[in-house]
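New to this one? Take a moment to look over the sequence and turn the structure around before reading on.

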Amino acid sequence: MAAKSNYKPWLITLLACVALALLPTGAVFTLGVKKYLLVTVAGILCCAFSLLDNMVIGVLLPLAYWLCGVAPASVVYSGWAGTLPWITLGTLLLTVILEESGLLRRIALFAIIRSGASYRGVCFALLFSGFLCSLFTSCCVQYVFAPLAYGVCRTLKLKPGTAAAGVMLAAAMGTISANGVIPYPGFIGVLTAGASTPEDPVTLGWVQALWSLWPGFLFITFYLWFMLRFLIKAPQIDAKEEFRAQYARLGPVSSGEKKCLAVIGLILALLLTAQWTGLDTALPFIVCPWLFFLPGLRVAGKDTLKNVNFGMVFLITAFVAVGSVAGYVKLDSIAETYLLPLFEGTNLLTTVLLTYAFGLLMNFLLTPLGYFSAFSSVLGSLYRSLGYNVLLGLFVFQYTSDAVVLPYENMAYLVYFSFAMFGIRDFAKLYALKIPMQILFICTVMMAWWRFIGLV
């Protein structure tokens with residue numbers, strides 16, 4: 001039965017491509033646009049349904065653009081000339097090194113013990129330790145915290161259900177939802193690359209992004225409190241001694257952990273002083289993780305490199321190609337022709353709401369990487385035409401990656417879901433109210449903050 005069910009997503013992908021292939025071409029829907037959409041839809045659906053490994057999609061998607069004559073190689077592979085693939089590789093490598101050193105687990109256990117190890121304390125400890133580790137790694141600990149949260153559920157002896165979902169989602173909010181606060185290269189890098197034009201490149205430094213988005217931390221913290229107060233019946237537990245025992249088994253802080261802290265301190269120092277030194281804020285994440293292979297700081301080796309998710313580097317860079325090729329076939333101009341009239345005459349708040357609604361719809365149909373890469377150029381063109389700051393549109397669009405009701409809408413949530421500590425109904429119950437609350441937060445707190453810093 002399992003093998004038979006695997007044909008359904010392949011069939012859906014095939015039918016979608018056949019439907020596109022049968023559409024007639026014309027002055028607007030040219031052959032180039034048609035071929036672009038065929039390749040893009042096939043790649044996005046393969047990613048959404050996990051039909052192929054990330055590495056395979058990352059190699060085949062841009063290759064298909066080139067071989068099918070959609071765009072020349074100089075356009076298709078232009079993403080590799082930027083910093084995005086290298087900052088992604090660096091942050092993924094840094095995450096593996098921090099995990100292998102035991103530092104991430106130590107931070108989480110320390111936070112849990114300091115919280116008192118009650119149910120609510122454990123949830124907030126996972127949230128805050130997830131935020132701290134996301135800050136260190138530019139949000140590349142999403143998958144690392146999933147098994148850690150599962151281990152916490154086992155320690156608390158929680159059965160699958162709402163209470164276990166609270167623990168798992170607290171860790172997810174500290175690492176996945178953190179994308180809306182801490183710049184994650186896989187999302188914000190794809191968005192800015194797609195929205196850029198030769199005449200108006202969209203640049204966003206790490207500190208600038210953090211400064212623009214930090215109030216989102218208040219919303220995430222509030223929503224976890226809301227879930228624990230109104231949606232979850234907290235079990236009465238006291239596992240402080242068990243967590244103390246786990247922390248004791250880690251032993252004293254190792255030399256490897258100290259070296260990791262030193263390099264993290266260096267990265268943060270470089271980022272925070274970049275506004276005065278003029279340093280590109282991508283460089284600390286690109287260069288510093290490789291210091292761990294040098295004499296004196298060596299805590300990594302060949303086995304470390306085997307654990308790096310190289311497939312994600314290729315996948316993210318392939319989705320940059322989606323945006324680059326969209327610009328080459330003038331898809332942004334076509335979309336502007338048909339979408340701009342819908343936005344004309346609207347005020348800024350209405351534009352923001354329409355942007356969020358469009359992203360919310362796309363999140364039901366595609367993965368965040370898929371619709372970010374496919375529509376970031378369109379979004380950039382629309383906001384330029386309306387005279388608004390492009391970054392404003394990109395920030396609002398990025399928020400929709402976490403506007404989920406079902407785990408499949410964001411691949412990172414599927415990792416947490418795969419541990420079977422909560423069902424789809426539990427997830428929907430806890431996350432459904434997050435969307436209207438997030439919309440209200442954007443329209444009030446975030447808009448006020450963006451006005452204050454001059455983004456609006």
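What follows is a short tour of a predicted model, taken topic by topic.

## Rings that pair up

Let's start with the aromatic side chains. Searching the whole structure turns up 36 aromatic pairs. Take Trp206 and Phe285: their ring centres are 6.2 Å apart and the planes make an angle of 50 degrees, a tilted arrangement. Trp206 belongs to helix α12 (residues 206–213) and Phe285 to helix α17 (residues 283–287), so this pair ties together parts that are 79 residues apart in sequence. Are the two partners buried or exposed? Both Trp206 and Phe285 are buried.

Next come Tyr371 and Phe397. With 5.4 Å between the ring centres and 80 degrees between the planes, this pair counts as edge-to-face, because planes over 60 degrees apart fall into that class. Here too, distant parts of the chain are linked: Tyr371 sits in helix α22 (residues 368–386) and Phe397 in helix α23 (residues 390–399), 26 residues apart. Tyr371 has a relative accessibility of 0%, so it is buried. Phe397 is buried as well, with a relative accessible area of 0%.

## A cluster, and charges over rings

Some aromatic residues gather into a bigger group. One aromatic cluster takes in Phe219, Phe222, Tyr223, Trp225, Phe226, Phe230, Tyr413, Phe417, Phe422, Phe427, Tyr431 and Phe441. If you want to find it on screen, try picking out Phe219 and Phe441, which are both among its members.

One of the cluster residues, Phe230, has a charged neighbour too: Arg229 lies over the face of its ring, 5.1 Å from the ring centre. Elsewhere, the charged end of Arg106 is placed over the ring of Tyr247, at 5.4 Å from the centre.

## A closer look at helix α21

Now for a single helix. Helix α21 covers residues 348–365, which makes 18 residues. From first C-alpha to last it reaches 26 Å, close to the 26 Å expected at 1.5 Å a residue. At its start, a side-chain oxygen of Asn347 comes within 3.3 Å of the backbone nitrogen of Leu349.

Which residues of α21 are buried? They are Leu348, Thr351, Val352, Thr355, Tyr356, Gly359, Leu360, Met362 and Asn363.

Just along the chain, Thr367 lies in the loop between α21 and α22. With a relative accessibility of 2%, Thr367 is buried. Its C-alpha is 7.6 Å in space from that of Cys47, although Thr367 and Cys47 are 320 residues apart in sequence.

## The largest pocket

What about open space? The largest pocket holds about 740 Å³. Its lining is made up of 31 residues, and Thr83, Thr192, Leu204, Asp280 and Ala282 are the ones nearest the centre.

Several helices take part in that lining. At least two residues each come from α6 (84–101), α11 (185–195), α12, α15 (255–272), α16 (274–277) and α19 (310–328). Which helix gives the most? That would be α11, with five residues. You've already met α12, the helix that holds Trp206.

## Around helix α9

Thr155 is part of helix α9 (residues 145–155). Its relative accessibility is 14%, so Thr155 counts as buried, since the cut-off for buried is under 20%. The side chains of Thr155 and Gln246 are joined by a polar contact of 2.9 Å.

Lys157 is found in the loop between α9 and α10 (162–175). At 72% relative accessibility, Lys157 is exposed. Lys157 also has a positive phi, about 60 degrees, although it is not a glycine.

## Two more loops

A positive phi turns up at Ser50 too, where the value is near 55 degrees in a residue other than glycine. Ser50 is in the loop between α3 (31–48) and α4 (54–67), and at 52% relative accessibility it counts as exposed.

Last stop: Asp238, in the loop between α13 (216–231) and α14 (240–249). Is Asp238 buried or exposed? With a relative accessible area of 67%, Asp238 is exposed. Its C-alpha is 8.3 Å from that of Gly116, a residue 122 positions away along the chain.

Notes:
Residues are numbered from 1 along each chain as its sequence is written. This is a predicted model: local features need pLDDT of at least 70, side-chain atom pairs count only at pLDDT 80 or more; totals for chains, interfaces and linings use all residues. Side-chain values use heavy atoms; hydrogens and water are left out. Rings of Phe, Tyr and Trp (its six-membered ring) pair if their centres lie within 6.5 Å; planes under 30 degrees apart count as stacked, over 60 as edge-to-face and the rest as tilted. Helices (H or I, at least four residues) and strands (E, at least two) are DSSP runs, numbered from the N terminus. Buried means under 20% relative accessible area, exposed over 50%, partly exposed in between (1.4 Å probe, protein chains only). A charge sits over a ring if NZ of Lys or CZ of Arg is within 6 Å of the ring centre and within 35 degrees of the ring normal. The expected span of a helix is 1.5 Å times one less than its number of residues. A polar contact is a pair of N or O atoms within 3.5 Å; within protein, one must be able to donate a hydrogen and the other to accept it, and residues adjacent in sequence count only if both atoms are side-chain atoms. On a 1 Å grid over the protein atoms alone, a cavity is a set of points where a 1.4 Å probe fits but cannot get out, and a pocket is an open set with protein on both sides within 12 Å along at least five of seven lines; lining residues have an atom within 4 Å of a point. Grid points are joined across faces, edges and corners, and a volume is the space filled by probe spheres set on the points.
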